[in-house]
Amino acid sequence: MKRDSFDLKGRTALITGAGGLLGVQHAGALLQRGAHVVLTDINLESLERARDVLVGDFGHELISVEHLDVRALQSISDLFRKLLGNGTEIRILINNAAIDAKVSAGTVGREMTRFENFTIDQWQLELDVGLRGAFLCSQVFGSWMAENGGGVILNIASDLSVIAPDQRLYRRPGLAENQQPAKPVTYSVVKAGLVGLTRYLAAYWAAQGVRVNALSPGGVYNQQSEDFILRLTNLIPMGRMASADEYASAVQFLCSDASSYMTGQNLVMDGGRSIL
Ligand SMILES: NC(=O)c1ccc[n+]([C@@H]2O[C@H](COP(=O)([O-])OP(=O)(O)OC[C@H]3O[C@@H](n4cnc5c(N)ncnc54)[C@H](O)[C@@H]3O)[C@@H](O)[C@H]2O)c1
């Protein structure tokens with residue numbers, strides 16, 4: 001009998017942006033299947049909060065925490081060497097860190113999230129975290145996997161990797177057109193770029209046993225205004241947003257041998273939003 005294909009005992013996963021809303025859920029999903037998880041984030045406070053939540057459910061043994069800025073090659077290489085020095089071989093990498101700039105309340109005169117006003121500095125920051133970060137982490141950890149028997153990379157994209165943001169969702173009553181907030185252009189560019197990176201690396205490392213897939217979640221309930229939820233859920237065939245734990249089974253599937261014949265794909269889980 002083959003072992004349970006979802007079993008992750010003996011495998012170690014590194015998750016970027018693990019202190020955020022979904023990172024901790026990805027970690028919990030892998031812990032449920034017996035993996036060792038290395039939680040990383042630039043924000044130490046949220047990282048410690050995430051660890052405390054997970055330790056409460058799963059105990060200390062399989063959970064490590066490391067500060068990591070995904071924009072900095074040195075920071076990633078240092079962590080890679082430190083882990084390997086401890087005998088920790090990363091076989092699963094989840095590129096999850098991103099800046100999802102919350103659409104602002106509208107600044108007087110100029111709304112900086114609008115395309116016309118979007119600054120090159122903000123563009124650079126969001127691309128650095130979302131795309132450069134995934135590139136660098138994949139280069140450091142994925143290259144090692146490719147040379148050492150394989151592994152899995154999971155890029156966390158978004159339903160906005162396959163559809164454009166519907167800017168009507170973000171409108172605020174009473175504001176002039178040029179002051180209406182917008183979902184920033186960077187979000188679409190980063191998420192579509194991650195799908196491109198996914199396909200590129202999947203083909204590049206297929207023969208070395210490194211599988212690379214993307215997961216594209218739809219919006220998760222997180223204390224948004226009732227008005228926003230109503231507008232968004234009207235665009236979703238299933239009529240609701242996701243709860244934070246609804247991607248866990250997909251993460252388990254994509255990070256384990258259960259998806260052993262799948263690479264280069266973008267799994268879209270969005271309540272059907274992108275089929276309309
Ligand atoms: N929450 C949603 O509804 C939703 C929907 C679709 C896709 N996603 C995607 O899922 C992923 C996680 O989303 P989330 O809602 O948990 O976001 P979040 O903002 O709660 O978490 C993101 C984490 O990334 C960290 N981070 C920022 N810059 C970093 C850097 N330079 N280095 C390392 N870490 C850094 C932040 O500190 C934060 O903890 C993101 O890629 C997001 O785009 C989220």
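## Polar contacts with the ligand

Let's start at Arg71: an N or O atom in its side chain sits 3.5 Å from a nitrogen atom of the ligand. This is a predicted model, and its ligand also has polar partners in the backbone. At Val70, a backbone N or O atom lies 3.0 Å from a ligand nitrogen atom, while at Gly20 a backbone N or O atom is 3.2 Å from a ligand oxygen atom. Taken on its own, the ligand has 830 Å² of accessible area, and the protein covers 86% of that.

## The shell around the ligand

Widening the view, 25 residues surround the ligand, and those that come nearest are Leu22, Asp41, Asn96, Tyr187 and Lys191. Sorted by class, this shell contains 13 nonpolar residues, eight polar ones and four charged ones.

## Cavities in the protein

Now for the empty space. The structure has three cavities of 30 Å³ or more, and the largest of them has a volume of about 50 Å³.

Some names from the ligand site come up again here: Val70, Asn96 and Lys191 are among the residues lining the largest cavity. Others in this lining include Thr16, Asn95, Ala97, Ile156 and Leu194, along with Val129, Gly130, Gly133 and Ala134. Which helix gives the largest share of the lining? That is α4, with four residues. Both α4 (120-147) and α5 (185-204) supply at least two residues each. By class, the lining divides into six nonpolar residues, five polar residues and one charged residue.

Definitions and conventions. Residues numbered from 1 in each chain as written. Predicted model: local features only at pLDDT ≥ 70, side-chain atom pairs only at ≥ 80, totals over all residues. Heavy atoms only, no water. Near = heavy atom within 4 Å. Polar contact = N/O pair within 3.5 Å; in protein donor to acceptor, adjacent residues only side chain to side chain. Areas by Shrake-Rupley, 256 points an atom, 1.4 Å probe, with all protein chains shown as cover. Nonpolar A, V, L, I, M, F, W, Y, C, P; charged D, E, K, R; others polar. 1 Å grid on protein atoms, 1.4 Å probe; cavity = no way out; pocket = protein on both sides within 12 Å on 5 of 7 lines; lining within 4 Å. Points joined across faces, edges and corners; volume = space filled by probe spheres on them.
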